[in-house]
Amino acid sequence: MEYYSSYITKLVEQLGSLPGIGRKTAQRLAFHIMNMPKDRAEALANSITEARNHVRYCSQCFTLTDDELCPICRNEKRNHKVIMVVENSRDLSAYEKTGKFDGVYHVLHGAISPMLGIGPNDIKLKELMLRLQKDVEEVIIATNSNLEGETTAMYISKLIKPTGIKVSRIASGVPVGGDLEYIDEVTLLRALEGRTEL
Ligand code: ZN
């Protein structure tokens, strides 16, 4: 495979290791980058380094943010008594885009998966339980409707039930196995409004 520069080979390898990028796409991107003006290529590389160095977890909801608290957790107009639990920051932004949810979030950064060896301690679950010691009225579980998402939802509801806090699950209008971020806003709204108490 050494038809071209070893630098390009390395770049193709790096790009190809990203999710959803096959070898062909990696090659196309690598050559595209080679044809970029040098300063644009540098800006691209810098934005990766800077994002990786400066982005951190919000100390409350654990979404990715620049500061100690994310803009949603900082916002006093949001209803801090209603917490929507999502698997990742992309799901959070999908719900934010609907503009209809005025509560706050909790980002788990994954879902329980016995098959992949991901247990309750590998996601931000303890952190969620700590938050529930404050004044919380409802926890809406908005994990994906695939096996891992459902397993996680069941696990969380069992944990929360004894506390007396209302636990609900978004309606399963969300296609099975579908990543929340790819679902349109209408479907998300319907899923949120049609949530059922667990
Ligand atoms: Zn936050």
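**Exercise 1. Decide whether H109 is buried, partly exposed or exposed in this predicted model, and describe its backbone.**

Solution. Begin with the relative accessibility of H109, which is 25%. Buried means under 20% and exposed means over 50%, with partly exposed in between, so H109 at 25% counts as partly exposed. Next, locate the residue: H109 lies in the loop that runs between strand 4 (103-107) and helix 6 (125-131). Finally, look at the backbone, where H109 has a positive phi of about 60° although it is not a glycine.

**Exercise 2. Carry out the steps of Exercise 1 for F62: is this residue buried or exposed?**

Solution. The relative accessible area of F62 is 14%, and since buried means under 20%, F62 is buried. The residue belongs to the loop between strand 1 (56-57) and strand 2 (64-65). Phi of F62 is near 70°, which is again a positive value in a residue other than glycine.

**Exercise 3. Find which residues coordinate the zinc ion, and work out the geometry of the site.**

Solution. First list the donors: the SG atoms of C58, C61, C70 and C73 coordinate the zinc ion at 2.3 Å. Along the chain, these donors follow the spacing C-x2-C-x8-C-x2-C. Of these donors, C58 and C70 link distant parts of the chain, being twelve residues apart, with C58 in the loop between strand 1 and strand 2 and C70 in the loop between strand 2 and helix 4 (71-74). Then consider the angles among the four donor atoms, which run from 106 to 117°. Four donors count as tetrahedral if all angles lie between 85 and 135 degrees, and the site of the zinc ion is therefore tetrahedral. As a last step, check the accessibility of the linked pair: C58 is buried at 0%, and C70 is buried at 3%.

**Exercise 4. Which residues form a nonpolar patch on the surface, and which residues of the largest nonpolar core touch the most other members?**

Solution. For the surface, the patch is formed by V55, Y57 and L64, which together have about 250 Å² of accessible area. One of these residues, Y57, has its place in strand 1 and is partly exposed, with a relative accessible area of 39%. For the interior, the largest nonpolar core holds 37 residues, and those touching the most other members are M84, V86, Y95, Y105, L132, V139 and I156. Several elements each supply at least two residues of this core, including helix 5 (89-98), strand 5 (138-141), helix 7 (147-160) and helix 8 (185-193). Strand 3 gives the most to this core, namely five residues.

Terms used. Residues are numbered from 1 along each chain as its sequence is written. This is a predicted model: local features need pLDDT of at least 70, side-chain atom pairs count only at pLDDT 80 or more; totals for chains, interfaces and linings use all residues. Side-chain values use heavy atoms; hydrogens and water are left out. Helices (H or I, at least four residues) and strands (E, at least two) are DSSP runs, numbered from the N terminus. Buried means under 20% relative accessible area, exposed over 50%, partly exposed in between (1.4 Å probe, protein chains only). Donors are N, O and S atoms within 2.8 Å of the metal (3.2 Å for Na, K and Ca); water is not among the atoms, so sites may look incomplete. Four donors count as tetrahedral if all angles lie between 85 and 135 degrees; four count as square planar and six as octahedral if opposite donors are over 155 degrees apart and all others between 65 and 115; anything else is irregular. Patches are made of residues with over 30% relative accessible area and no salt bridge: like charges are joined within 9 Å, nonpolar side chains (Val, Leu, Ile, Met, Phe, Trp, Tyr) within 5 Å. Accessible areas come from the Shrake-Rupley method with a 1.4 Å probe; for residues, only the protein chains shown count as cover. A salt bridge is a side-chain nitrogen of Lys or Arg within 4 Å of a carboxyl oxygen of Asp or Glu. A nonpolar core is a set of buried Ala, Val, Leu, Ile, Met, Phe, Trp, Tyr and Cys residues joined through side-chain atoms within 4.5 Å.
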